[in-house]
Amino acid sequence: MVDDATFTRESSALLPGMYRLAMSILHARSDAQDAVQQALLRAWERRARARPESFRAWLTRIVINECRNVQRARMRVFPVEQPQTPQYVPEDVGLYEAIEGLPEKLRTPLLLHYMERYSEREIAGALGVPVTTVKNRLFRARRELKKTLTDSEVTFE
């Protein structure tokens with residue numbers, strides 16, 4: 001069981017990573033913010049079920065599920081016209097585009113492992129898949145990135 005103070009401290013520390021994860025899945029700032037807010041609310045309501053040793057993976061799983069809920073809700077809505085919002089564009093646009101071009105099932109473990117420093121075991125817990133599946137997806141994601149970046153004319157200075 002996670003007490004209120006621990007929940008607040010741990011979730012605050014994980015907030016930037018949860019937002020980056022939501023952005024990588026949803027690609028829209030407002031949707032990502034909504035998903036993270038809803039995930040935090042759901043996690044707070046269920047904090048008595050959380051175990052301190054797997055809190056990070058547990059919370060990440062809730063964020064991923066909320067992102068999928070937002071995606072399902074999007075499919076039911078017919079947008080009239082989307083306003084143009086500025087999006088984060090990193091210095092290495094080629095790498096950013098290559099990562100964004102990966103399928104979600106490869107992109108998510110890659111970002112969790114390299115950006116958020118999750119272990120393969122934590123990623124497996126967050127995604128609800130075996131560790132061997134995580135290892136396989138990381139391998140495939142790196143292979144696809146290498147292929148994409150080798151095929152394109154990305155220059156590194």
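Modeller: pLDDT is the predictor's confidence in each residue, on a scale from 0 to 100, and helices are DSSP runs of H or I with at least four residues, numbered from the N terminus. This is a predicted model, in which local features need pLDDT of at least 70 and side-chain atom pairs count only at pLDDT 80 or more, while totals for chains, interfaces and linings use all residues. Residues are numbered from 1 along each chain as its sequence is written, and side-chain values use heavy atoms, with hydrogens and water left out.

Colleague: OK, which element has the lowest mean pLDDT, and which the highest?

Modeller: Helix H4 (residues 93-100) has the lowest mean, at 83, and H2 the highest, at 94. The chain as a whole averages 86, with 86% of its residues scoring at least 70.

Colleague: Let's stay on H2, then: which of its residues are buried?

Modeller: Taking buried as under 20% relative accessible area, exposed as over 50% and partly exposed as in between (1.4 Å probe, protein chains only), the buried residues of H2 are Asp31, Ala32, Ala35, Val36, Ala39, Leu40 and Ala43. They sit on the same side of H2, because they cover an arc of only 165° around the axis, the arc being that of the directions from the helix axis to the C-beta atoms.

Colleague: And what covers them, and what is on the other face?

Modeller: The cover includes H1 and H3, whereas the face turned away from the buried side carries the exposed residues Gln37 and Glu45.

Colleague: Asp31 is charged, so what does aspartate 31 form a salt bridge with?

Modeller: A salt bridge here is a side-chain nitrogen of Lys or Arg within 4 Å of a carboxyl oxygen of Asp or Glu, and aspartate 31 forms one with arginine 74, their closest N and O atoms being 2.8 Å apart. Since aspartate 31 lies in helix H2 and arginine 74 in helix H3, the pair ties together parts that are 43 residues apart in sequence. Arginine 74 counts as partly exposed, at 35% relative accessibility, while aspartate 31 is at 19%.

Colleague: How many salt bridges by this rule?

Modeller: The count comes to eight, including arginine 42 with glutamate 66 at 2.4 Å, N to O.

Colleague: Changing topic, which residues touch the most others in the largest nonpolar core?

Modeller: A nonpolar core is a set of buried Ala, Val, Leu, Ile, Met, Phe, Trp, Tyr and Cys residues joined through side-chain atoms within 4.5 Å, and in the largest, of 31 residues, they are Met18, Phe55, Leu59, Val63 and Cys67. H1 gives the most to this core, with eight residues.

How values were computed: Helix = DSSP H or I, 4+ residues; strand = E, 2+ residues; numbered from the N terminus. Contact = heavy atoms within 4.5 Å.
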